[in-house]
Amino acid sequence: MIMSADAPTFAEVYPGHPEPQFRPLEFSRLPPQETLARAEAFYHEMQQRRTTRHFSRDAVPQAVIEWAVRTAGTAPSGAHRQPWRFVAVQDPALKARLREAVEAEEYKTYTGRMPEEWRAALAPLGTDYVKAHLTDAPWVIVVFREKYGLNTDGTRTKNYYTVESASIAVGLLIAALHHAGLVTLTHTPNPMGFLAELLCRPRNEEALMVLPVGYPAPDATVPELTRKPLEQIFQVDLGGTGVGGTDLDDTGLGSTGDQQIEP
Ligand code: IYR
């Protein structure tokens, strides 16, 4: 391990680059019991979130969408390039064109391209090529990732981890919309190439996800799904979760799961 006394100087690692400017972190530390209470309360709030395909046509003010997108824009990103663009579509004619284009692709997917294994995976969700949510929802947010930066002189700037960065932003967007009392659906038409053209985005942007946003229809339904319990998604150190004082023994995996270390 490199000892901090031997750590290279900034000038050694970044020769020729100006020193970065730092400022003190604004941070107010909460009492531990409040931290725990907030962590739990936020889980309970997010646990209420459901993806639905059934949207009311009721309007949602643009300001709500703007605040949610601002929240999405707080996401961390590779080299802080913020490689995302949120196109919020509300014009009924444009939503109709969007739906038409999406359904044309999805029709081909559902009636031909989809392999049986994929079809079997989607059957419990009952999705199909009819995308009424794209015209019912008052807003459809199309998220683009910026594959590279495009300078005014036409040259390119490399971006980093654009899928990861834009996906983190989408996660924050979903949480923000739920927190605001709205519902959304993460929709991934496949292929998505037509979206950049339809929404007049430049060639350095590629669509990542389509999220209709609004209120649920009064008769909205959701599939019967369960979420994996913590024990199935969490591991501390080399195995076991210690959750609720139990480990993975009752799975037959042993307390260190399948992460046994070779002697
Ligand atoms: N893109 C299609 C199919 C689809 C795929 C998965 I994986 C889903 O979880 C749901 C749908 C569509 O949006 O219908």
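A molecule counts as sitting in a pocket if more than half of its atoms lie within 2 Å of the pocket's grid points. With that in mind, let's walk through this model, which is predicted, starting from its ligand. By this criterion, the ligand sits in the largest pocket. Helix H4 (92-113) and helix H5 (116-122) are the elements that give two or more residues to the shell around the ligand.

Let's look at that pocket itself. The volume of the largest pocket is about 630 Å³. Its lining holds 28 residues, and those closest to the pocket centre are Thr51, Arg53, Leu125, Thr127 and Leu185. Sorted by character, the lining comprises nine nonpolar, 13 polar and six charged residues. H4 and H5 turn up here too, each supplying at least two residues of the lining. The largest share comes from H4, which gives three residues.

Now zoom in on the ligand's surroundings. Around the ligand you will find Glu106, Tyr110, Trp118, Leu122, Leu125, Thr127, Lys131, His187 and Thr188. Two of these names, Leu125 and Thr127, may already be familiar, as they are among the lining residues closest to the centre of the largest pocket. In terms of character, the shell divides into four nonpolar, three polar and two charged residues.

Which side chains place an N or O atom at a short listed distance from an oxygen atom of the ligand? Lysine 131 is one of them: an N or O atom of its side chain is 2.4 Å from a ligand oxygen. For tyrosine 110, the corresponding distance between a side-chain N or O atom and an oxygen atom of the ligand is 2.6 Å. Histidine 187 also takes part, with an N or O atom of its side chain 2.8 Å from an oxygen of the ligand. As for the overall cover, the ligand on its own has 370 Å² of accessible area, and the protein covers 71% of it.

Before you leave the model, two details of the backbone are worth a visit. Where is proline 191 placed? Proline 191 belongs to the loop between strand E5 (183-184) and helix H8 (193-198). The peptide bond that joins asparagine 190 to proline 191 is cis, with omega at about 0 degrees. Further along, in the loop between H8 and strand E6 (205-214), comes cysteine 200. Although cysteine 200 is not a glycine, its phi is positive, at about 55 degrees.

Note on methods:
Residues are numbered from 1 along each chain as its sequence is written. This is a predicted model: local features need pLDDT of at least 70, side-chain atom pairs count only at pLDDT 80 or more; totals for chains, interfaces and linings use all residues. Side-chain values use heavy atoms; hydrogens and water are left out. A residue is near a molecule or strand if one of its heavy atoms lies within 4 Å of it. A polar contact is a pair of N or O atoms within 3.5 Å; within protein, one must be able to donate a hydrogen and the other to accept it, and residues adjacent in sequence count only if both atoms are side-chain atoms. Accessible areas come from the Shrake-Rupley method with a 1.4 Å probe; for residues, only the protein chains shown count as cover. On a 1 Å grid over the protein atoms alone, a cavity is a set of points where a 1.4 Å probe fits but cannot get out, and a pocket is an open set with protein on both sides within 12 Å along at least five of seven lines; lining residues have an atom within 4 Å of a point. Helices (H or I, at least four residues) and strands (E, at least two) are DSSP runs, numbered from the N terminus. Ala, Val, Leu, Ile, Met, Phe, Trp, Tyr, Cys and Pro count as nonpolar, Asp, Glu, Lys and Arg as charged, and the others, Gly among them, as polar. Grid points are joined across faces, edges and corners, and a volume is the space filled by probe spheres set on the points.
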